[in-house]
Amino acid sequence: MIIEKIKESRFTPDVFNIETFGTAFSDHMLLSWYKDGKWSEPIIKPYGKLEFTPAISVAHYGQGIFEGMKAYKSAEGEVFLFRPEKNFERMNKSAERLDMPHITEDIFIDGLKALVDLDRQWVPDTYGMSLYLRPVMFATEEAITARSANEYLFVILTAVAPNYYNKPLSVKIADRYSRAANGGVGFAKAAGNYAGSFYPTHLAREEGYDQIVWTDDATHTFIEEAGTMNVMVRIGDKLITAPTSERILNGVTRDSMLQLAEAQGWDVEVRKITVDEVYNAHKNGNLKEVFGVGTAVVVNNYVAVGYGDERLELPTLSPEESYGQILKKKLVDIQMGISEDPYGWRVKVENLVEA
Ligand SMILES: *Cc1c(COP(=O)(O)O)cnc(C)c1O
């Protein structure tokens with residue numbers, strides 16, 4: 001790995017006061033180019049611009065995939081990744097589906113560790129804050145031929161993730177648009193999945209909702225995901241989430257929360273869940289929580305769910321009563337090195353490079 005350090009760090013403690021996500025980039029980025037069937041030796045260099053021509057193939061045919069993960073710092077100053085092998089495996093599943101090359105473990109995992117190590121001062125130790133890590137791969141061949149490209153770029157960039165306070169978000173159940181279909185790319189973290197979700201989300205915003213609860217594309221009768229998160233529903237004291245499928249992204253947060261929920265001794269069901277079931281539970285007063293789970297925000301407890309012209313208001317639960325908030329605290333405590341990690345999820349970033 002080649003390391004070219006920044007001459008003068010751009011870091012100031014002010015970067016930890018940002019309120020918007022995804023704009024305060026750290027000093028360095030990692031790059032590796034794929035050409036002639038192999039990846040170049042990765043280089044870590046100062047974060048900055050790259051040069052491309054308008055014929056860059058990703059702009060035309062959309063071979064672009066990414067990952068989202070975080071680095072955490074404990075009060076003692078130790079820096080951790082969280083289950084990075086899951087993101088590594090998922091990136092290669094996405095790559096396969098988009099007919100892109102696999103990334104190697106030394107570039108992805110060792111690259112992440114080296115980059116986070118070098119930029120460790122950018123990892124905040126405030127509870128709930130972290131450094132967001134964004135591995136991304138896209139087709140860079142200079143060709144507007146409609147076929148899989150022969151050249152790709154793999155990049156890891158990082159940005160300070162602010163502490164999201166729980167904004168009261170509401171969601172609209174999709175009854176017309178879909179983010180994924182059978183045989184499609186819904187399970188992959190493909191850039192195009194996001195592109196296709198923006199317009200329906202925009203329409204939902206005009207109706208006063210923040211995000212969409214995606215349903216199955218064929219019948220719009222099964223609950224699948226919420227915004228760009230997996231979704232969990234609590235009916236009575238039963239926690240239910242849909243099984244992953246080729247339409248549903250296999251979230252690391254979802255998987256971790258299911259394990260934590262089971263350890264709580266709660267009644268957890270991984271099965272299909274219908275819109276009717278949620279609607280009827282609300283009518284009967286049994287719908288206690290609907291929440292999204294994902295790396296960026298961890299848990300979003302929704303305050304209302306829109307169904308047709310109806311707005312189903314959800315009860316307000318205290319953090320001690322809410323399954324979503326209980327699981328969030330358990331998870332963040334493990335991620336930040338506050339509680340024991342019986343699952344072996346934390347991966348320590350050793351201090352090897354001098355910043
Ligand atoms: C990234 C993502 C998730 C959440 O996955 P995590 O690994 O928990 O961050 C869920 N759904 C979609 C559509 C996503 O893109």
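Is D333 buried or exposed? D333 is buried, with a relative accessible area of 11%; here buried means under 20% relative accessible area, exposed means over 50%, and partly exposed is in between (1.4 Å probe, protein chains only). You're looking at a predicted model, where local features need pLDDT of at least 70 and side-chain atom pairs count only at pLDDT 80 or more, while totals for chains, interfaces and linings use all residues. Residues are numbered from 1 along each chain as its sequence is written, and side-chain values use heavy atoms, with hydrogens and water left out.

**The whole protein**

- The protein has seven helices and 19 strands; these are DSSP runs numbered from the N terminus, with helices (H or I) of at least four residues and strands (E) of at least two.
- Its radius of gyration is 21 Å, close to the 20 Å that the globule rule gives for 355 residues, so the protein is as compact as a globular protein of that length. That radius is taken over C-alpha atoms, and the rule is 2.2 Å times the number of residues to the power 0.38.
- Along the principal axes, the C-alpha atoms fill a box of roughly 60 × 50 × 35 Å.
- Of the 355 residues, 51% are buried.
- Take the contacts (heavy atoms within 4.5 Å) with a separation of 6 or more: 72% of them come from residues 24 or more positions apart.
- The accessible surface comes to about 16300 Å², and carbon and sulfur atoms hold 50% of it. Areas like this come from the Shrake-Rupley method with a 1.4 Å probe; for residues, only the protein chains shown count as cover.

**Salt bridges**

- Side chains of opposite charge can pair when their charged atoms come close. A salt bridge here is a side-chain nitrogen of Lys or Arg within 4 Å of a carboxyl oxygen of Asp or Glu, and a search of the whole structure turns up 18 of them.
- One of these joins D217 and R247, whose closest N and O atoms are 3.9 Å apart. This pair links distant parts of the chain, 30 residues apart: D217 is in the loop between β11 (211-215) and β12 (223-226), and R247 is in the loop between β14 (238-241) and α5 (252-263).
- D217 is partly exposed at 26% relative accessible area, whereas R247 is buried at 12%.
- D237 and K288 also form a salt bridge, at 3.2 Å from N to O. D237 sits in the loop between β13 (229-235) and β14, and K288 in strand β16 (residues 287-294), so the pair ties together parts that are 51 residues apart in sequence.
- Both ends of that bridge are partly exposed: D237 at 43% relative accessibility and K288 at 27%.
- Back to D333: its salt-bridge partner is K329, with the closest N and O atoms 2.8 Å apart. Both lie in helix α7 (residues 323-335), four residues apart, about one turn of the helix.
- While D333 is buried at 11%, K329 is partly exposed at 48%.
- Salt bridges that share partners also join R234, D237, K288 and E289 into one network.

**D27, a buried charge**

- D27 lies in the loop between β1 (2-3) and β2 (28-35).
- D27 is buried but has no salt bridge; R10, the nearest side chain of opposite charge, is 4.1 Å away. For charges, Lys and Arg count as positive and Asp and Glu as negative, while His and the chain ends are not counted.
- The D27 side chain does make a polar contact with the side chain of W122, at 3.3 Å. A polar contact is a pair of N or O atoms within 3.5 Å; within protein, one must be able to donate a hydrogen and the other to accept it, and residues adjacent in sequence count only if both atoms are side-chain atoms.
- Leaving out residues up to four places away in sequence, D27 touches several others, including I6, F11, K45, Y47 and D119.

**Two buried hydrophobic spots**- L118 is in helix α3 (residues 105-118) and is buried at 4% relative accessibility. Its C-alpha atom is 8.3 Å from that of L352, although the two are 234 residues apart along the chain.
- V213 is in strand β11 and is buried at 2% relative accessibility. V213 and I223 are 10 residues apart in sequence and 6.9 Å apart in space, C-alpha to C-alpha.

**Positive phi**

- Most residues other than glycine have a negative phi.
- R83 has a positive phi of about 45 degrees although it is not a glycine. R83 sits in the loop between β7 (79-82) and α2 (84-97) and is buried at 6%.
- H220 has a positive phi too, near 55 degrees. H220 is in the loop between β11 and β12 and is buried at 17%.
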